[in-house]
Amino acid sequence: MPNRDRILSRVRSALGRSSGQAIPALPPPRLVIPTWSSEERIRRLQENFRGETFVAVDSDEARDFVASKAQGLAAVASNSSVLRDIGVSGLPNVQSGFVNRDELRSACIAAGVGISSASYAIADPGALVVLAGAEEERLISLAPPRHIAVVPADRVLTSLDEFFTVVPDPALESSSMVLIGGPSRTGDIEMTLTLGVHGPREVYVVIV
Amino acid sequence: MATAFQQQIHVALSDLKLQRTIQSATARFGEKRREVISPDVLPEYQELRDHASRLKKHTLDHLDYYLEMLEARVQERGGHVVWCSDAAAAVEAVVAIAREHGVKLAVKSKSMVTEEIHLNEALERNNIEPVETDLGEYIQQLARERPFHIVAPALHKSRADVADLFVDKLGVERTEEPEELTQIARLILREKFLSADMGISGANFVVAESGAVVLVENEGNIRMTTSAPRVHVAVTGIEKLIPRAADLAVFLKLLGRSGSGQPITSYTSFLSGPRREGEINGPDEFYLLLVDNGRTKVLADAEKRETLHCIRCGACSNVCPVYRRIGGHTYPGTYSGPIGAILTPQFAGLGHEPELPFASSLCGACGEVCPVKIDIPRMLLALRRDIKRGEAREKRWPIEKLAFQGWSWVMRHPWVFERAGLLAQVFLPPQGGDAWIRKGPGPLQAWTATRDFPPRAPRSFRRLWRERTGKFYKEPAA
Amino acid sequence: MSTRVSLFVTCLVDQLFPKVGLAMADVLERVGYECEFRQDQTCCGQPAFNSGFTAEAEAVARHFLKTFETAEYIVVPSGSCSAMIRHHFGDLFAKDSAARAAAAETGGRVYEFSEFLTSVAKVDDVGARYESVVTYHDSCHALRDLGIKSQPRRLLEKVRGVEIREMAPAEECCGFGGTFSVKMGELSSDMLDGKIQSIIATGASDVVSIDPSCLMQIEGGLRRRELPIRALHLAEVLAKT
């Protein structure tokens, strides 16, 4: 008997269920959304996120902040329209628009800073939501030792609960969604905190 | 005559360095957990536990339905589902996938189920090099040791230990600085990530409705493992399913807090298949291996089914007075700590590890902290009962059973109970005055080796009561 | 409302620590209750149950239920025995719904001693006096199965002359665990070691508990180390005037 049939038949006989048997309705997911104003969300995000948060008044300020953090470093940026709109992709030391996998990979490994957008930010717990795709390649926010994420102010959500209300199924959006709570870290050696293990050691969030 | 298990316990208890290390590390985890689940920080904590427990129960009670839903969704997104009845089938499947894609080097992230099926050994036997990428697991792999703790695999190693290990196995210059040791590992492992043909991960949660695996980490090695190589193989036990993505709002709040005292870990990945149209990063192929390996046996036992709620957070180990004294390696099987004490006998068969459920004082600290409300003490008691029943059937002279049968008879005959007490006095060494017994006979020896034992009171309570009041209670006439 | 209570002293108290039972009776009488002792009582069945011998435990549990069938309040100087009756008798009678109902009904009338004083008698101050620095050991079953944490402390706080110092870490098991104490003797002793270190660190002269089994373990360790610290049951402290 193939493994699939064997396992399913074991499961059914363990549960006393038959093939095709219906299941009772599941209550809706528990989603409790705090009622925080935009200012409150940003304030909480700044408090909770384990990285520096910068609130830009306009695109220019955002771009200037990114430029300052990328200064003197080889930088790679995603193809996100958010980054294009604020003029990051146009910065002199920033490479973007890759179509070749190996080239993108080499650029990410060699870069000192990776610049991405975030589809959302979550105030509590502090986190960024990055949805991978053609506009947002995975390694950009992972390989370089410094990561800068730009997120539109109206995309700062209160909570995970709110996120799952807005995006009930991330699989519909992307092959890979990652919630970034801060820099890469470990305590595996004597419970001593060390940053920048396999991912960035510094993360910056720019809210615009 | 001490059993092998008891001898190992003795070795662990005598290892002072081990004692110091586990005690302080688990104390930190325990402390951090308490901070982040306290009523002022997370007032909804008990409510979340209730929800999590109910969601797990619902999913397990209808597991066939959710497994089929999962399979359909994964396939819709271009992934492959491989069903594996047992460890051998799972290992065979990984090797077959590796062969199909010409894999020579595989990078791996931390996964208890891959330990359970002994995947690394099988890959090595088939000339495929597996490299553990979680720093703690990497250390353990270099040392050729099993992980010591579900969340912190190298908990028991000091920086000096790691320094020596790196010098020995990697030929690097000796340093004891965790920062520098980490950088050494980062460079070596980065090279592996980029040249590996396959990435193997486990799964913290498997979302049926989305056809996705959810992976939680702090280092970034899981993101690397599942993004850089062309093939991603996710291995999971069939019990890891949850119904919907939105249910993660409950589970993610519990996992990080319970395991390492973090409201959120550095990275939570939600992966639903190979890269999509237009993406140039990400795997070309995604395989999800659904492993049974004894889980359907546990599922079939309605009394103990809740064992499968486990989300592998490690909170139970961090508060267990036994784990905190003997450490992960003293437990037989893959899983250690209180969850190991109830899972291993169910997986391995009661006759294989009959002592394990008895290596507990039933203090209940584990059940108190379990985020998915597994009543571990109740499970331990049920296993004890099952083990003793099994022994009674098999042994020619079940001495302990006979002793308790005698005890039970005495306890149902109060006048015998009173006299048995008097009789016991005959066997115990005479004591003067208030003195307790320093050296007891027979089974008492295990007690009096380290503690004094109280003598029988010269006059029992019932006798003293009769003297005090002149009477006992009598049922009033009907 | 009745002022009569039935004492279930437990097998350990009856045979090894009768003074605990007498002290409990003293205190109950002092706060206005008449005490009766049903001579058919023996044990709650816990030793067999914890060791996996459920049939033997069940037989003893039935004997308990029969003995106390008509008692209105059953007061017990033991957290673990109270938890056995209230939490586990139901498990023993899984296949007998009538017995399960009887167990639940009787269980509803079983009170651990400090619980009885604070919830039923509704007293915190029993008129006790004891000049001493004490520390309180939370027995695991009382704490986790019955939620008994504040009640003994409230009663101790009202004892004239007592200063309470809490152990750190708190809520750690003393290592008794029934037959665990002999089957896994080395582990049990190591846990006891930790408990004694915590007691010593408080500087207390007495360690107080509501569980005779914990006290047996702790006192056994204190005596072996020839430490001057006394191990007292809560009833013994409350009985002092």
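**Exercise 1. Helix H18 of chain B**

How many residues does helix H18 of chain B have, and how far does H18(B) reach from its first C-alpha to its last? Then find what the buried part of H18(B) packs against.

Solution. The model is predicted.

Step 1. Helix H18 of chain B covers residues 376–394, which is 19 residues. From the first C-alpha to the last, H18(B) reaches 27 Å, close to the 27 Å expected at 1.5 Å a residue.

Step 2. The buried residues in H18(B) include Ile376(B), Met379(B), Leu380(B), Leu383(B) and Ile387(B). Charged side chains also appear in the list, among them Arg384(B), Arg385(B), Asp386(B) and Lys388(B).

Step 3. Within chain B, the buried residues of H18(B) pack against helix H14 (315–319), helix H16 (337–348), helix H17 (365–369) and helix H19 (399–411). They also pack against helix H4 (54–67) of chain C.

**Exercise 2. Contacts between chains**

Which two chains share the most contacts, and which two do not touch? Describe the side of chain C that touches chain B.

Solution.

Step 1. Two pairs of chains are in contact, and chains A and B share the most contacts. Chain A and chain C do not touch, their nearest C-alpha atoms being 20 Å apart.

Step 2. Between chains C and B, 54 residues of chain C are in contact with 49 residues of chain B. On the chain C side, helix H11 (residues 185–202) gives the most, with seven residues. By class, this side of chain C holds 22 nonpolar, 19 polar and 13 charged residues.

**Exercise 3. A sheet built from chains A and B**

What is the strand order of the open sheet of eight strands, and which strands are at its edges? Locate the junction between the two chains.

Solution.

Step 1. The order is E8(A)-E5(A)-E6(A)-E9(A)-E9(B)-E6(B)-E5(B)-E8(B), and the pairing is mixed.

Step 2. Strand E8 (156–159) of chain A and strand E8 (241–242) of chain B are the edge strands, as each pairs on one side only.

Step 3. At the junction, strand E9 (residues 176–180) of chain A and strand E9 (residues 267–271) of chain B run antiparallel and are joined by five bridges. Met177(A) stands opposite Phe270(B) in E9(B).

Step 4. On the chain B part, helix H12 (residues 248–260) lies across strand E5 (205–207), strand E6 (212–217), E8 and E9 of chain B. Helix H12 of chain B runs at about 25° to E6(B).

**Exercise 4. Chain B as a whole**

How many helices and strands does chain B have? Give its extent, burial and domain division.

Solution.

Step 1. Chain B has 22 helices and ten strands. Its C-alpha trace spans about 95 × 60 × 55 Å along the principal axes.

Step 2. Of its 478 residues, 53% count as buried. Among the contacts in chain B with a separation of 6 or more, 71% come from residues 24 or more positions apart.

Step 3. Chain B is divided into domain 1 (4–296) and domain 2 (428–469). The C-alpha centres of these two domains lie 53 Å apart.

**Exercise 5. Val94(B)**

Is Val94(B) buried or exposed? State which residues beyond its sequence neighbours Val94(B) is in contact with.

Solution.

Step 1. Val94(B) is in helix H5 (residues 87–100) of chain B.

Step 2. Val94(B) has 27 other C-beta atoms within 10 Å, and 20 or more are required, so Val94(B) is buried.

Step 3. Leaving aside neighbours within four places in sequence, Val94(B) is in contact with Leu119(B) and Val233(B).

**Exercise 6. Backbone exceptions**

Where do the cis peptide bonds at Pro125(A) and Pro169(C) lie? Then compare the surroundings of Glu190(A) and Leu362(B), two residues with positive phi.

Solution.

Step 1. The general expectation is that most residues other than glycine have a negative phi and that most peptide bonds are trans.

Step 2. The peptide bond from Asp124(A) to Pro125(A) is cis, with omega near 0°. Pro125(A) lies in the loop between strand E5 (120–124) and strand E6 (127–131) of chain A.

Step 3. Ala168(C) and Pro169(C) are joined by a cis peptide bond with omega about 0°. Pro169(C) lies in the loop between strand E6 (160–164) and helix H10 (180–183) of chain C.

Step 4. Glu190(A) has a phi of about 55° and lies in the loop between strand E10 (185–186) and strand E11 (194–195) of chain A. Because Glu190(A) has 19 other C-beta atoms within 10 Å, Glu190(A) is partly exposed.

Step 5. Leu362(B) has a phi of about 60° and is in the loop between H16 and H17 of chain B. With 26 C-beta neighbours inside 10 Å, Leu362(B) counts as buried.

Methods. Residues are numbered from 1 along each chain as its sequence is written. Chains are lettered from A and ligands numbered from 1 in the order in which they are written. This is a predicted model: local features need pLDDT of at least 70, side-chain atom pairs count only at pLDDT 80 or more; totals for chains, interfaces and linings use all residues. Two residues are in contact if their C-beta atoms, placed from the backbone, lie within 7 Å. Helices (H or I, at least four residues) and strands (E, at least two) are DSSP runs, numbered from the N terminus. The expected span of a helix is 1.5 Å times one less than its number of residues. A residue is buried if 20 or more other C-beta atoms lie within 10 Å of its own, exposed if 12 or fewer, and partly exposed in between; C-beta atoms are placed from the backbone. Domain bounds come from an automatic or database domain assignment. Two strands pair if DSSP finds at least two bridges between them. Axes are lines fitted to C-alpha atoms, for helices over the stretch in contact, and angles run from 0 to 180 degrees between N-to-C directions.
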